[in-house]
Amino acid sequence: MILSNKVRLKPNKLQETQLWKSTGIARFIYNWTLNRQQENYKNGNKFIKDNELRKELTQLKKSELSWLNEVSNNVTKQAVKDACNSYKSFFKKLSSFPKFKSKKKTKPSFYNDTSKLKVKEFSVLIEKVGWVRTSEQLPMNTKYTNPRISYDGKYWYISVGTEKVEPKIHHTIEIIGIDVGIKSLAVCSNKLSFKNINKTSIVKRTKKRLFRLQRAVSRKYEKNKKGGVFVKTSNTIKLEKKIKLIHRRLKNIRQNYIHQITTKIAKTKPSKIVVEDLNVKGMMKNRHLSKAIAEQCFAEFMRQIEYKCRFYGIEFIKADRYYPSSKRCNRCGNINKNLKLKDRIYKCICGYTEDRDLNASFNLRDYKLA
């Protein structure tokens with residue numbers, strides 16, 4: 001099984017300049033490809049294949065876009081391929097319509113060719129950048145897949161896929177049902193419960209600091225407003241950089257927590273894990289709960305638990321979206337249609353009383369595919 005390794009890079013000033021050039025050119029070529037496809041569609045022509053666009057780009061490099069030769073040729077090639085793949089995913093209804101990459105909002109990243117990637121002790125060779133030091137040792141003498149270099153607002157990273165041998169585990173006969181929610185991120189049928197990390201003191205303190213900085217930035221924009229135009233001063237830019245770093249910290253705290261709990265669940269070695277399939281898009285329409293739902297990162301939780309089940313050889317099942325796991329009585333099977341979100345204790349007419357989330361996890365554990 002191919003798993004990703006993400007390691008921090010430690011480039012010098014010259015190398016960092018070259019990394020920024022590569023990310024800028026990758027973004028430019030991606031937007032150039034989207035623009036060519038849109039113009040081609042308006043003229044009534046068919047979709048342009050990435051091979052044709054690459055040939056066109058090669059001719060442009062010899063004339064008006066000669067500055068593209070300052071970075072690796074594979075950076076531009078892959079940017080064209082990525083843009084074309086985004087259109088193909090849209091045509092297959094797997095994603096939304098592709099958007100242009102923004103210099104301010106899009107995460108800076110670019111591709112490095114696998115054949116040109118070389119690794120030695122605590123350093124990695126990036127094409128037209130040179131040997132860059134790493135904080136950890138990347139696997140050596142192995143086949144690499146899809147190397148990507150990215151910047152998260154503070155540090156540079158390289159992520160690369162490598163083949164990992166799946167461990168041979170003797171599974172138990174236990175089946176675990178997992179109910180996810182806002183009060184607790186995950187409640188398992190084996191009585192394991194994982195709290196909402198956003199309610200802890202460390203996240204609350206960080207969010208409080210974020211609110212104060214955002215308010216300070218807003219005041220600076222209002223203070224330096226000239227007519228109907230907002231003026232961005234040097235102090236405003238400094239504060240916005242601090243805000244980005246706080247967002248980065250909050251993201252890392254949540255992602256690390258999800259990694260810890262999904263690993264803990266997978267290492268209980270059950271034979272099967274059943275998770276409810278939530279309609280997160282529909283849930284986000286509730287303006288009272290949308291922020292709390294977004295902060296729980298349900299999609300990331302599902303992604304991690306799914307690939308860890310595959311790695312440990314555990315059968316992973318997503319229950320039907322309309323399966324009434326919360327409203328169903330685990331003892332008699334009666335469905336309580338009047339159950340509301342504020343009702344945290346499930347009470348059935350048969351006399352069965354249980355915590356709402358725990359009852360849902362029991363029903364998911366007993367879920368059978370048709």
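# Charges in a predicted model

User: What is the relative accessible area of D152, and which class does that put it in?
Analyst: Bear in mind that this is a predicted model. Buried means under 20% relative accessible area and exposed means over 50%, with partly exposed in between. D152 comes in at 22%, so call it partly exposed.

User: Which residue does D152 form a salt bridge with?
Analyst: Look for a side-chain nitrogen of Lys or Arg within 4 Å of a carboxyl oxygen. For D152, the closest N and O atoms are 2.6 Å apart, and the partner is R248.

User: How many residues apart are D152 and R248?
Analyst: D152 sits in the loop between β6 (144–151) and β7 (156–163), while R248 belongs to helix α5 (residues 234–266). The salt bridge therefore links distant parts of the chain, with a sequence gap of 96 residues.

User: Is R248 buried or exposed?
Analyst: The cut-off for buried is under 20% relative accessible area. R248 has 15%, so it goes down as buried.

User: Which helix holds E295, the partner of R254?
Analyst: The side chains of E295 and R254 meet in a salt bridge at 3.7 Å, N to O. R254 is in helix α5, and the pair ties together parts that are 41 residues apart in sequence, because E295 lies in helix α7 (residues 290–296).

User: Which residue joins R254 and E295 in a network of salt bridges?
Analyst: Both E295 and R254 are buried. They're linked in a network with one more named member, K207.

User: How many salt bridges does the structure hold?
Analyst: There's plenty of charge around: the chain has 84 positive and 31 negative side chains, with the centres of the two sets 7 Å apart. As for salt bridges, the structure holds 13.

User: Which residue does E56 pair with in a salt bridge?
Analyst: The closest N and O atoms of this pair are 3.0 Å apart, and the bridge runs from E56 to R36. E56 is in helix α2 (residues 50–61) and its partner is in helix α1 (residues 13–42), 20 residues away. E56 counts as partly exposed because its relative accessibility is 29%. So the name you're after is R36.

User: What is the nearest side chain of opposite charge to K61?
Analyst: K61 is also found in helix α2. K61 is buried yet has no salt bridge. Leaving aside neighbours within four places in sequence, its contacts are S66, L68, N69, N73 and T76. The nearest opposite charge is 9.9 Å away, and that's E127.

User: Which residues gather with K88 in a patch of positive charge on the surface?
Analyst: K88 has its place in helix α3 (residues 73–91). At 36% relative accessibility, K88 counts as partly exposed. Its companions in the patch are K49, K81 and K92.

User: What percentage of the residues of the chain count as buried?
Analyst: The chain's secondary structure comes to nine helices and 14 strands, and the C-alpha trace spans about 80 × 60 × 50 Å along its principal axes. The chain exposes about 22600 Å², with carbon and sulfur atoms supplying 51% of that. Of the 370 residues, the buried share is 40%.

User: What share of the contacts with a separation of 6 or more comes from residues 24 or more positions apart?
Analyst: A contact here means heavy atoms within 4.5 Å. Among contacts in the chain with a separation of 6 or more, residues 24 or more positions apart account for 65%.

How values were computed. Residues are numbered from 1 along each chain as its sequence is written. This is a predicted model: local features need pLDDT of at least 70, side-chain atom pairs count only at pLDDT 80 or more; totals for chains, interfaces and linings use all residues. Side-chain values use heavy atoms; hydrogens and water are left out. Patches are made of residues with over 30% relative accessible area and no salt bridge: like charges are joined within 9 Å, nonpolar side chains (Val, Leu, Ile, Met, Phe, Trp, Tyr) within 5 Å. Accessible areas come from the Shrake-Rupley method with a 1.4 Å probe; for residues, only the protein chains shown count as cover. Lys and Arg count as positive and Asp and Glu as negative; His and the chain ends are not counted. The place of a charge is taken as NZ of Lys, CZ of Arg, CG of Asp or CD of Glu. Helices (H or I, at least four residues) and strands (E, at least two) are DSSP runs, numbered from the N terminus. Buried means under 20% relative accessible area, exposed over 50%, partly exposed in between (1.4 Å probe, protein chains only).
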